[in-house]
Amino acid sequence: MAIPTSRTQSEATVCIETALCTGCGQCVAVCKDFGLRLEGGKACLAPQPLFGCVGCAHCMAVCPAGAITVRGRALGPEDLFALPPLSSSASFDAYYALLRRRRSVREFMPAEVEPELVERILDAARTAPTGVPPSDVNVLVLDSREKNRAFTSDFCAHLKTLGWLTAPWFLALMRPFWSKANDGLFRNFVRPALAAFTSSMDAGINIVTYDAPLAMYFYGSPWADPADPLVAASLAMLAGEALGLGTCMIGSIHPLLQWGGSAARFRKRHGIRCKSREGVVVLFGYPSVHYGKGIERSFASVHRA
């Protein structure tokens, strides 16, 4: 039985051209479905794989003889490409410098982000690893300030239907049923944020997505690993930084689009295909402010076993 996603319900098919197989065993080593084995010095299909081929295609990618093809689950041998040479990769120092230079930017110049840069950001985000392939990440691209403003204005109109969510009677009702952290989150962040978002938009000021010239909403599906859209969004953000754009992650939109009739109608209006456990909006644009210093960050804790 294959692991289902929104894109496929079937397992992939692995074909081995025995005449080409050298019996090196690399395909067996990388298949974590335990779907391959060596028999008589040749690779062959194992009788009892764990799940059925999920289409990671590691076996096809690692085979030095080109003896293996994988088809199905949104991939085929035509998707193989030669890895760039290691010498072309960013050094750790260059990568760390990119991370250290990154700031969350919410002040953007009016200039639009060029279409070719939008495609390069999406290309980078597509490389994100997934819990189970094929990727169940969806991306809504708002590639102008006007599209972003229209989306956000409609979002704020949707927020006005959620007044009960932060009403004193609701918070008092829920307090015995959820954690102290949730109670504090709703009282100290959600309630003032919703009020500020809607009142500011009524005044013509966008403090939700800041009229960024490019916004990308990454979200999953009911089948997706919750981390998948967040990983893809992170790679998109770093790609934007590498292309000279300012970026900012906005986490407040996604949770408020998951439940209720108003949220369902909003999703339908904007072509958002489904609810999902996790999602995030990433803003991009040419920054109108420039930072000369960064701020050191830290983890809550680091434990070494």
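**Salt bridges and an enclosed strand**

Colleague: In this predicted model, does D154 count as buried or exposed?

Modeller: The relative accessibility of D154 is 18%. Buried means under 20%, so with its 18% D154 counts as buried.

Colleague: With which residue does D154 form a salt bridge?

Modeller: The closest N and O atoms of the pair are 2.9 Å apart, and the rule asks for a distance within 4 Å. D154 lies in helix α5 (residues 145–159) and its partner in helix α9 (residues 261–269), so the bridge ties together parts that are 115 residues apart in sequence. That partner is partly exposed, with a relative accessible area of 48%. The residue that forms the salt bridge with D154 is R269.

Colleague: How many residues apart in sequence are the parts that R100 and E296 tie together?

Modeller: The side chains of R100 and E296 meet in a salt bridge, N to O, at 3.0 Å. R100 lies in helix α3 (residues 92–101), whereas E296 lies in the segment after β8 (279–285), so the parts tied together are apart in sequence by 196 residues.

Colleague: Is E296 buried or exposed?

Modeller: R100, its salt-bridge partner, is partly exposed at 44% relative accessible area. For E296 the relative accessible area is 60%. A residue over 50% is classed as exposed, and E296 is therefore exposed.

Colleague: Which residue is linked with R175 and D183 in a network of salt bridges?

Modeller: R175 forms a salt bridge with D183, their closest N and O atoms being 3.7 Å apart. R175 counts as exposed at 52% relative accessibility, while D183 counts as buried at 7%. The network of salt bridges links these two with R187.

Colleague: How many salt bridges does the count come to?

Modeller: Side chains of opposite charge can pair when their charged atoms come close. The pairs R100 and E296, D154 and R269, and R175 and D183 are among them. By the rule applied here, the count of salt bridges comes to ten.

Colleague: Why is strand β6 largely enclosed by the rest of the structure?

Modeller: L214, M216 and F218 point one way from β6, and A215, Y217 and Y219 point the other way. Strand β6 (residues 214–219) is largely enclosed because, of its six residues, the number buried is six.

Colleague: Which residue in β8 does L214 stand opposite?

Modeller: Strand β5 (residues 138–142) runs antiparallel to β6 and is joined to it by five bridges, with A215 as the bridge partner of L142. β6 also pairs with β8 in the antiparallel sense, over six bridges. In β8, the residue opposite L214 is F284.

Notes:
Residues are numbered from 1 along each chain as its sequence is written. This is a predicted model: local features need pLDDT of at least 70, side-chain atom pairs count only at pLDDT 80 or more; totals for chains, interfaces and linings use all residues. Side-chain values use heavy atoms; hydrogens and water are left out. Helices (H or I, at least four residues) and strands (E, at least two) are DSSP runs, numbered from the N terminus. Buried means under 20% relative accessible area, exposed over 50%, partly exposed in between (1.4 Å probe, protein chains only). Two strands pair if DSSP finds at least two bridges between them.
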